[in-house]
Amino acid sequence: MNDQINTAAEVAEADAMPRRFEKHTDGGKCRDERTDGLAGKPAKAKSPAEWAYERLILYIQNFEEQLDNEHEVAMGFTGGDAGVLKIEGMGFFDPDIVTFYGSDPAGGKTQLVQHVSQLNVMLRALPKEVEAEEPNRIGFKLANDTA
């Protein structure tokens, strides 16, 4: 319970802002924060695709914070034998499509196009490419290029 007293305006503003909550049982970071996205536009002014895209960036950034220098973020496909996609880019097509660009473990070019109502993403850690000195962190690159 919090003993902080808020004005009616502060309560209304906090209620209008989306909230992200995470708690981990293994001692990982606990997050309880309000955010209105990455692009500064109110959530209500965004399409479902743009809003899903921006929230996925937050999840990718959080996942990458937990990786060592030997791993990069990838996504696994659920519900089939499509395998894993090393995420190299992401986008959206208003009002309701999110897309992921990347490569499969064999290096083949891969793209996933998904409707936001079917969005189901499993982030995975894959070993970084041997010739790369530093792992490729995409979360902050994606955040800097939001629509």
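In this predicted model, strands β4 and β5 come together as a hairpin, with three residues lying between them. The two strands run antiparallel and are joined by seven bridges. One pair to look for is F92, whose bridge partner in β5 is V98. Residues 84–93 make up β4, and residues 97–103 make up β5. Strand β4 is mostly covered, as seven of its ten residues are buried.

On its other side, β4 meets β3, again in the antiparallel sense, through three bridges. Here A74 has K86 of β4 as its bridge partner. Strand β3, which spans residues 71–76, also pairs with β7, and six bridges link these two antiparallel strands. Within that pairing, E72 stands opposite L126 in β7.

These pairings can now be placed in the wider sheet. Five strands form an open sheet with antiparallel pairing, in the order β6-β5-β4-β3-β7. Its edges are β6, at residues 109–115, and β7, at residues 122–127, each of which pairs on one side only. On average, neighbouring strands of the sheet are turned by 40 degrees against each other when direction is ignored. As a general point, the strands of a sheet pair through backbone hydrogen bonds, in either a parallel or an antiparallel arrangement.

A helix accompanies the sheet. Helix α2, formed by residues 48–65, packs on the sheet and touches β3, β4, β5 and β7. The direction of α2 makes about 150 degrees with that of β4. Strand β4 thus has several partners to trace in the structure: it is bridged to β3, bridged to β5 and touched by α2.

Stepping back to the whole protein chain, the secondary structure consists of three helices and seven strands. Read from the N terminus, these elements follow the order α-β-β-α-β-β-β-β-β-α. Of the 147 residues in the chain, 33% are buried. The accessible surface amounts to about 9500 Å², and carbon and sulfur atoms account for 51% of that surface. Contacts across the sequence complete the overview: among those between residues at least 6 apart in sequence, 53% join residues at least 24 apart.

Technical notes:
Residues numbered from 1 in each chain as written. Predicted model: local features only at pLDDT ≥ 70, side-chain atom pairs only at ≥ 80, totals over all residues. Heavy atoms only, no water. Helix = DSSP H or I, 4+ residues; strand = E, 2+ residues; numbered from the N terminus. Buried < 20%, exposed > 50% of the residue type's maximum accessible area, 1.4 Å probe, protein only. Contact = heavy atoms within 4.5 Å. Areas by Shrake-Rupley, 256 points an atom, 1.4 Å probe, with all protein chains shown as cover. Pairing = 2+ DSSP bridges. Axes fitted to C-alpha atoms, helices over the stretch in contact; angles between N-to-C directions.
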